[in-house]
Amino acid sequence: MIHAYRGPLIVATIVAAALIGPDGGEARAGETLDRVRQSGELRCGVSEHGPGLTTEDSTGRWIGFWPDLCRAVAAAAAGDADAVRFVPLAAPTRFAALRDNAIDLLSDSATWTLGREAGTGLLFADTVLYDGQAFLAHADSTARDLKSVGAVRVCVDESSTSMHNVQDLAQSTHPNLTVMPFASLRIKNESFYLRKCDLLTSDRTALASARLTFGADVNRFVILPDIISKEPLSLVVRNNDPDWFNVVRWTHFVLVTAEEKGITAANADTFQASSDPEIRRLLGLEGGFGTALGLDDEWARRAIRAVGNYGELYNRHLGPGTPMGLERGLNELWAKGGLIYAPPIR
Amino acid sequence: MNATKRRMNAVSRALLVVAVLIATAGAGIARAGETLERVRQAGELRCGAIEYGTGLSTVDSNGQWTGFWADMCRAVAAAVVGDAEAVHFVPLANNTRFAALAGKAIDLLSESTTWTLGREAGTGLTFTGTMLYDGQGFLAHADSRRGELKSLGPTTVCVADATTTMRNLQDAIRTYPNLTPVVFITLSAANENFHLRKCDLLTSDRTALGSARLSSGLSPDRYVLLPEVISKEPLSPLVRSDDPDWFNVVRWTHFAMIAAEEKGITSANLDSFLGSNDPEVRRLLGLEGTLGESLGLDRDWAQRVIRMVGNYGEVYDRNLGPHTPMALERGMNALWSKGGLIYAPPLR
């Protein structure tokens, strides 16, 4: 009997598959979470952006703001902050790698733009770092701001939004800028260091980081005050798995909420007796929101313990006490004058 | 059973499997872009609306839905259908709004819904982004005893059921044990009973309380908004989570309105920007690039939104702003560059 209908069943399955999704792109909601759990690791796409942001230390470990966000999601979803397989990507291929299911999450200083999510199959989870494009100059040059520079060459990463912005500028208000595109971050930065170009342009965070890689006194370089764009940097996922989108965006929101409530990596376990209902829901002591996300009640506490709250994460990698030396600015909590805000866990 | 009959039996079983698979797919998984196609073919957007009062969403004397949230429906209709009036407003209640959306009775829920984790985790719904940053407050009768909430003594509070407001009040009672909720099914019933002095306070989002002050038929000066704010209420439109293309259309319509305000483009002066050489303006207005097409719309989508409904600041000021009876300063709802939280990713 079983043998008798196996043939038609296979045919039927093929027919059904063809009818359901011609492009094979229809993921089941929750598929990514299942995959991460079953394999016991999150495949997180990253690329070298320099110290503070994303880099490999001398032991080959990926460190920085963006790798730690991978760890936070892994802690929430796979139960272990170290259950991350970092997949190094080149900027031109990073979106394709995500679309092709080679990674589960892209955590890579990617600017959220309309063109990158409309019709692309990708979705930006939400801004985790508000940045803007700026210019780095040699301190011994005459450049003090964009207005004061004459005919200059500008080194830029060819597959970045920075490239589009500086081209916009060169074609409109600043014809004195000659754009020099590079495919490799290292060669681009070196070319600036070797004075093959007068200015280096990128996100402000990336310039602060580049400055640290030259092995010279950081004061030999100056970030010009002009900010020529908005660069809201976000985690990116595929758009066909809303459950996974939720896991990623709420892991980020949990870190923000923890900062608002004064919960840190070190003290996260001392709130067991808190009577603040928001803290109790955040830490899974009531409410059952972890289960609703397809996780468990400890998900948020694991994420906080793994990387700290949003402020700890920022200050450890980018903050005034680090070589990056970046004030919180727009990345301060909303209640303290910044833009960092999370919807309530309720 | 002979061989032929057995094979027939097998084929029919296999066909049953096909049927089940298709039915499952049809029920659970929408095709991306399905909602956009439906709205276009029907020539109208079905927008879920709730009576919140003047400024937010209410039916005026001509039977027209007006207010901040009704205008968001119109903005999406302008982008998608090409006509801001191509909106079928579907009146809903707090306890039916999510089911109406999940059950595909509406394409978009645009009313003062707070974006929370519980409302999008595992619910099949997704919030498109905070359009109005609000917080829960308290409205009192101006002639009643005054002072801090804690020191008021035993106080009754009118509140609508099935809202985040109700849950926040329950949370707040741990800090303010002197408060006793008096629960009503609808917001308008809660408002009326407060006006009739069946309770000492009315609690809701501060925008909704601003609206309630105006709805009593008495002078708004008879009521005062207390300074206590007991929650974050990020209010957001809501869509089903199974159609990411539609999610994009709604969230980028919202962002286009913000981008227009940043660039100083209004419903009145839009034409003067058609010759702009600012690349950001040109992309927003569809003068270059193919952003509209990649959303499944056309080049002029954002132009129509701005022309027919206005930029974010215009919509805020027209419905809620200092020169309206609501008289609400922009505050957190000012642009990020002016001290508020309103920010849009670039249209690039």
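**Entry 1. A pair of strands in chain A**

I began with strand β1 (residues 42–46) of chain A, which pairs with β4(A) in the parallel sense over 5 bridges. I then looked up a single position on that pairing: A:Leu42 has A:Val84 in β4(A) as its bridge partner. I note that the model before me is a predicted one. I also recalled that strands of a sheet pair through backbone hydrogen bonds, either parallel or antiparallel.

**Entry 2. The sheet around that pair**

I followed the strands outward and found an open sheet of 5 strands in chain A, in the order β4-β1-β5-β12-β6, with mixed pairing. Why is one side of β4 and of β6 of chain A left without a neighbour in the sheet? Both β4 (84–88) and β6 of chain A stand at the edges and have a single partner strand each, so one side of each stays without a neighbour. I looked up the twist as well: neighbouring strands of this sheet are turned by 25 degrees against each other on average, direction ignored. Next I asked which strands α9(A) touches as it packs on the sheet. The helix touches β1, β5 (105–111), β6 and β12 of chain A, and its direction makes about 15 degrees with that of β6(A).

**Entry 3. A sheet in chain B**

I turned to chain B and recorded an open sheet of 5 strands there, ordered β10-β9-β11-β8-β12, with mixed pairing. Its edge strands are β10 (179–184) and β12 (223–225) of chain B, each of which pairs on one side only. From one strand to the next, the twist averages 30 degrees. Within this sheet I examined strand β9 (residues 155–160) and strand β11 (residues 201–205) of chain B, which pair in the parallel sense over 2 bridges. In that pairing B:Val157 stands opposite B:Leu201 in β11(B). I also noted helix α6 (residues 187–195) of chain B, which lies across β8 (136–141), β9, β10, β11 and β12 of chain B and runs at about 150 degrees to β9(B).

**Entry 4. Where the two chains meet**

I asked how many residues each chain brings to the contact. Chain A gives 59 residues and chain B gives 59 residues. The size of an interface is often given as the accessible area lost when the parts come together. Here chain A and chain B bury about 5,000 Å² between them, with 64% of it on carbon and sulfur atoms. I found that A:Leu114, A:Lys230 and A:Arg346 supply 18% of the area that chain A buries against chain B, more than any other three residues.

I then counted 26 residue pairs in polar contact between chain A and chain B. Several elements of chain A each supply at least two residues of the side that touches chain B, among them α5 (114–117), β6 (122–131) and α9 (242–261). The most comes from α1(A), with 8 residues. By class, I recorded 34 nonpolar, 12 polar and 13 charged residues on the side of chain A that touches chain B.

**Entry 5. Salt bridges**

I looked up the salt bridges across the interface of chain A and chain B and found 9. One of these joins the side chains of B:Glu262 and A:Lys230 (3.0 Å, N to O). A search of the whole structure gave 42 salt bridges over all chains. Within chain A, I noted that the side chains of A:Asp68 and A:Arg316 meet in a salt bridge (2.8 Å, N to O). A:Asp68 lies in helix α3 (residues 65–78) and A:Arg316 in helix α13 (residues 310–317) of chain A, so the pair ties together parts that are 248 residues apart in sequence.

Conventions. Residues numbered from 1 in each chain as written. Chains lettered and ligands numbered in written order. Predicted model: local features only at pLDDT ≥ 70, side-chain atom pairs only at ≥ 80, totals over all residues. Heavy atoms only, no water. Contact = heavy atoms within 4.5 Å. Buried area = accessible area lost by both parts, 1.4 Å probe. Salt bridge = Lys/Arg side-chain N within 4 Å of Asp/Glu carboxyl O. Polar contact = N/O pair within 3.5 Å; in protein donor to acceptor, adjacent residues only side chain to side chain. Helix = DSSP H or I, 4+ residues; strand = E, 2+ residues; numbered from the N terminus. Nonpolar A, V, L, I, M, F, W, Y, C, P; charged D, E, K, R; others polar. Pairing = 2+ DSSP bridges. Axes fitted to C-alpha atoms, helices over the stretch in contact; angles between N-to-C directions.
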